[in-house]
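Please look over the sequence and the model below, and then follow the explanation that leads from one part of the chain to the next.

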Amino acid sequence: MANEVAQLQALATAVPLAVALGNLEAIGQRPDRRAVLEKATYPVLFIAGKDDRAGPPEKPTRKACGRITAPWSG
């Protein structure tokens with residue numbers, strides 16, 4: 001996947017540092033929306049990284065229909 005990695009690196013280097021830092025700050029301050037997911041009566045796609053604290057992929061909720069692991073996710 002060298003081509004894909006190179007494309008992502010090119011995109012990332014084009015983002016101004018202030019924008020990247022602002023995005024990280026916003027992510028850190030986002031409100032907890034787990035209650036919305038727990039009460040959903042419709043299918044929900046929840047994507048979590050291996051280090052995501054919002055909900056580890058190893059513990060699917062009762063509404064989860066399965067887990068797909070991308071080869072690059074570790």
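A residue is called buried when its relative accessible area is under 20%, exposed when that area is over 50%, and partly exposed in between. In this predicted model, L37 has a relative accessible area of 31%, which means that L37 counts as partly exposed. L37 is found in helix 3, which covers residues 34–39, and it takes part in a nonpolar surface patch of about 450 Å², made by V36, L37, Y42, V44 and F46.

Stepping back to the chain as a whole, the reader will find 3 helices and 0 strands, so that the pattern along the sequence reads α-α-α. Of the 74 residues of the chain, 4% count as buried, while the surface that the chain exposes comes to about 7000 Å², with 61% of it supplied by carbon and sulfur atoms.

Helix 1, made of residues 2–14, has 13 residues, of which the number buried is 0, and therefore this helix lies largely in the open. As for its length, 13 residues at 1.5 Å a residue should span 18 Å, and the end C-alpha atoms of helix 1 are 19 Å apart, which agrees.

Some care is needed with the confidence of the prediction, since the mean pLDDT of the chain is 76, and 65% of its residues reach 70 or more. Over residues 62–66 the pLDDT is below 50, although this stretch has 6 contacts in the model beyond near neighbours in sequence. Where pLDDT is low, predicted coordinates should not be read in detail.

Note on methods: Residues are numbered from 1 along each chain as its sequence is written. This is a predicted model: local features need pLDDT of at least 70, side-chain atom pairs count only at pLDDT 80 or more; totals for chains, interfaces and linings use all residues. Side-chain values use heavy atoms; hydrogens and water are left out. Patches are made of residues with over 30% relative accessible area and no salt bridge: like charges are joined within 9 Å, nonpolar side chains (Val, Leu, Ile, Met, Phe, Trp, Tyr) within 5 Å. Accessible areas come from the Shrake-Rupley method with a 1.4 Å probe; for residues, only the protein chains shown count as cover. A salt bridge is a side-chain nitrogen of Lys or Arg within 4 Å of a carboxyl oxygen of Asp or Glu. Helices (H or I, at least four residues) and strands (E, at least two) are DSSP runs, numbered from the N terminus. Buried means under 20% relative accessible area, exposed over 50%, partly exposed in between (1.4 Å probe, protein chains only). pLDDT is the predictor's confidence in each residue, from 0 to 100. Contact means heavy atoms within 4.5 Å. The expected span of a helix is 1.5 Å times one less than its number of residues.
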